[in-house]
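Colleague: Could you take me on a close look at one part of this model, and then show me how it fits with the rest? I would like the cut-offs along the way, please.

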Amino acid sequence: MSFAETPPTKAFLVRHRDTALRIAIPLLVVLALVLLWQVLVTLTGVPQYILPGPPAVAVALVKDWGTLAPALWVTTKITLAALGLALVGGVGIAVFLVQSKWIETAFYPIAVILQVTPIVAIAPLILIYAPTTQVALLICAFLVAFFPILSNMVQGLKSVDHNLLNLFDLYGASRWQTLLYLKLPASLPYFMTGLRIGGGLSLIAAVVAEFAAGSAGAGSGLAFRLLEAQYRLNIPRLFAALILLSLLGVVIFAITSFIAWLGLHRWHESSIRREN
């Protein structure tokens, strides 16, 4: 006796098949690139101190894990702390700016100036005035991650449907009620975009700031381990540190994307799955 497959079951299978393909295809592409890397190294006979093969990098990753793991944790802490501060500061200042056209006119250019000034140029000043090197790195990472969140949040708060604003005014809603029940929910897609951008930029800024700071010792991050491996011509360790940085960036992007999906998938057009 056979039973016809019900439409809900078919939709469930199609959805999970698409999810599996979205995971499997990038993994297969990465695996193919790693194999191509190994083939090129083998055929050209390039020395390991110029371009190590994947096995040499894997050995270095395992052998130097005791050195790389603490550095990875330092970089992760700075990145996440900077992103958290950027979220709080970006949202808070965005709410402050949109309260008045004159407030935005007066203070928004200052945020633009901080964004367009290269972090490498102001890192030496931050290192002078910050109490510790770790605080200086945190400030540098915060300044880079802050502006995308601020800019997107301001745009979102200013993009609320004016018909809805008029409706809230008609029913006598206060400014804070309008902000809490209309503007903030409506700006959520913009905030999620800023979150994804800020997550990646906070990692980049943490690495660049450590390059500029030249910090060393037990409390140094992966950026210093990169420079150390370069100076010692330990190229396999350099590649291992690069892989860890890349994986950290992928994890941060995946987490922020998942947060965005949680906040938007039930109602926003950018995240709703369509059958056609």
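Modeller: Happy to. Let us start at Thr178, which is found in helix 8 (residues 175-186); helices here are DSSP runs of H or I with at least four residues, strands are runs of E with at least two, and both are numbered from the N terminus. Before going further, please keep in mind that this is a predicted model, in which local features need pLDDT of at least 70, side-chain atom pairs count only at pLDDT 80 or more, and totals for chains, interfaces and linings use all residues. Residues are numbered from 1 along each chain as its sequence is written, and side-chain values use heavy atoms, with hydrogens and water left out.

Thr178 has a relative accessible area of 7%, so it counts as buried (buried means under 20%, exposed over 50%, and partly exposed in between, with a 1.4 Å probe and protein chains only). Leaving aside neighbours within four places in sequence, Thr178 is in contact with Leu165, Phe168, Ala173 and Lys183, where contact means heavy atoms within 4.5 Å.

Follow the chain onward and you come to Ser187, in the loop between helix 8 and helix 9. Ser187 is buried too, with a relative accessible area of 0%. Not counting residues up to four places away in sequence, Ser187 touches Met153, Gly156 and Leu157. Leu157 is a good place to pause: with neighbours within four places in sequence set aside, its contacts are Ala94, Val95, Val98, Leu179, Lys183, Leu184 and Ser187. Lys183 therefore appears in the contact lists of both Thr178, a residue buried at 7%, and Leu157.

That brings us to the nonpolar cores, each a set of buried Ala, Val, Leu, Ile, Met, Phe, Trp, Tyr and Cys residues joined through side-chain atoms within 4.5 Å. The largest has 21 residues, and those touching the most other members are Ala94, Leu150, Val154, Leu157 and Met192. Helix 3 (65-97), helix 6, helix 9 (188-213) and helix 11 (235-264) are the elements that give two or more residues to this core, and helix 6 supplies the largest share, eight residues. A second, separate core of 19 residues includes Leu72, Ala229, Ala240 and Ala241.

Helix 6 has more to show. Phe142 and Phe146 both lie in helix 6 (residues 133-158), four residues apart, about one turn of the helix. The structure holds five aromatic pairs, and one of them is formed by Phe142 and Phe146, tilted, at 5.4 Å centre to centre with 35° between the planes. For a pair, the rings of Phe, Tyr and Trp (its six-membered ring) need centres within 6.5 Å; planes under 30 degrees apart count as stacked, over 60 as edge-to-face and the rest as tilted. Phe142 is partly exposed at a relative accessible area of 22%, whereas Phe146 is buried at 7%.

Lys158, also in helix 6, pairs with Glu104 in helix 4 (residues 101-116), linking distant parts of the chain, 54 residues apart. Their side chains meet in a salt bridge at 3.1 Å, N to O; the rule asks for a side-chain nitrogen of Lys or Arg within 4 Å of a carboxyl oxygen of Asp or Glu, and the count comes to five. Lys158 is partly exposed, with a relative accessible area of 47%, while Glu104 is buried at 19%.

Elsewhere, Arg225 and Glu228 form a salt bridge at 3.0 Å, N to O. These two are three residues apart in helix 10 (residues 222-231), so about one helical turn separates them. Both Arg225 and Glu228 are buried. Glu228 also meets Arg232 in a salt bridge at 3.4 Å, N to O, and Arg232 is exposed, with a relative accessible area of 60%. Through shared partners, salt bridges join Asp64, Arg225, Glu228, Arg232 and Arg237 into one network.

Finally, the wider setting. The protein comes to 11 helices and zero strands, and buried residues make up 34% of its 276 residues. Of the contacts between residues at least 6 apart in sequence, 72% join residues at least 24 apart. The accessible surface comes to about 16600 Å², of which 71% belongs to carbon and sulfur atoms, as given by the Shrake-Rupley method with a 1.4 Å probe.
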